Amino acid sequence: MENEAWLDGELKGFAPVMMPAAHALTQAARDLKKAAPDLNSRQLLARPNNAPSIAFHLRHIAGSIDRLLTYARAEHLTDAQFAELKAETALDSCESAAELTEKAVGKIAEALDALKNTSPEILFEARVVGRKKLPTNVFGLLFHIAEHTARHVGQILTTARIVSNEAETSALENIQ
């Protein structure tokens, strides 16, 4: 059995202060690669008890990382990013679970690059978030990417178990 990322020791190239966030993102990518890419369309779009679908969580992970990295660079969101934000809540998907997983894992890799390449000297530079220009700093944004991603991956893992068990239960009911 594989260790959790934080038990694998130091990740090369990351400043010690960034290591917890890097471990969390590394674990998130590992978990997504195991749990999400093989889901079928029904499982990807299922909303047990009206919970958000796995498709939503995968789109939201990719989109939120992209937006938060934009804010960390002190840039404004583009029209394309606003369009992607709106599309995150779609109840259908023209992309497979594997494609959505690949996009989310790709954005996690971008976040890891940002963690690795952000100079410690700018970590506490002021940044603003959203239309309300809520105050934060680079450090807060980078850590929020990690904790927010981990939260959504946890929801994906739980929902995947539920929708997989529903399929097994349905199959068993059809046999009896």
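Let me begin with a term: a residue is called buried when its relative accessible area is under 20%, and by that standard 42% of the 176 residues of this protein count as buried. Please keep in mind that what we are looking at is a predicted model.

To get our bearings, the protein has six helices and two strands, and if you read along the sequence they follow the pattern α-α-α-α-α-β-β-α. The C-alpha atoms fill a box of roughly 65 × 40 × 25 Å, taken along the principal axes. The protein exposes about 10200 Å², with carbon and sulfur atoms supplying 56% of that area. When we take the contacts with a separation of 6 or more, residues 24 or more positions apart account for 71% of them.

Now to the interior. The largest nonpolar core holds 44 residues, and the members that touch the most others are L32, L58, I108, L115 and L142. Helices α1 (19-35), α3 (54-72), α5 (97-117) and α6 (138-175) each supply at least two residues of this core, and the largest share, ten residues, comes from α6. L115 can serve as an example: leaving aside residues up to four places away in sequence, L115 touches F14, M18, A21, A22, L25 and L142.

Several of those partners bring us to helix α1. Twelve of its 17 residues are buried, so α1 is largely enclosed by the rest of the structure; among the buried ones are A21, A22, L25 and L32, but also H23, R30 and D31. Its length can be checked as well, because at 1.5 Å a residue the 17 residues of α1 should span 24 Å, and the end C-alpha atoms are indeed 24 Å apart, which agrees.

Let me turn to the charged side chains, where the structure holds ten salt bridges. In one of them the side chains of E2 and K34 meet, at 3.2 Å from N to O. Since E2 lies in the segment before α1 and K34 lies in helix α1 itself, the pair ties together parts that are 32 residues apart in sequence. As for their surroundings, E2 counts as partly exposed at 47% relative accessibility, whereas K34, with a relative accessible area of 58%, is exposed. These two residues also belong to a network of salt bridges that links E2, D8, R30 and K34.

A second example sits within a single helix: K107 forms a salt bridge with E110, the closest N and O atoms being 3.4 Å apart. Here the two residues are three apart in helix α5, so they are separated by about one helical turn. In general, an α-helix has 3.6 residues a turn, so residues three or four places apart point the same way. K107 is buried, with a relative accessible area of 19%, which is under the 20% limit, while E110 is partly exposed at 37%.

The third example leads us to the strands. E125 forms a salt bridge with R127, with the closest N and O atoms 3.3 Å apart; E125 is partly exposed, at 34% relative accessible area, and R127 is buried, at 12%. R127 also stands opposite T136 in β2. Strand β1 (residues 126-129) and strand β2 (residues 134-137) run antiparallel and are joined by four bridges. Together β1 and β2 form a hairpin with four residues between them, and in the turn G130 has a positive phi of about 75°.

Definitions and conventions: Residues numbered from 1 in each chain as written. Predicted model: local features only at pLDDT ≥ 70, side-chain atom pairs only at ≥ 80, totals over all residues. Heavy atoms only, no water. Core = buried A, V, L, I, M, F, W, Y, C linked by side-chain atoms within 4.5 Å. Buried < 20%, exposed > 50% of the residue type's maximum accessible area, 1.4 Å probe, protein only. Contact = heavy atoms within 4.5 Å. Expected span 1.5 Å × (residues − 1). Salt bridge = Lys/Arg side-chain N within 4 Å of Asp/Glu carboxyl O. Pairing = 2+ DSSP bridges. Areas by Shrake-Rupley, 256 points an atom, 1.4 Å probe, with all protein chains shown as cover.
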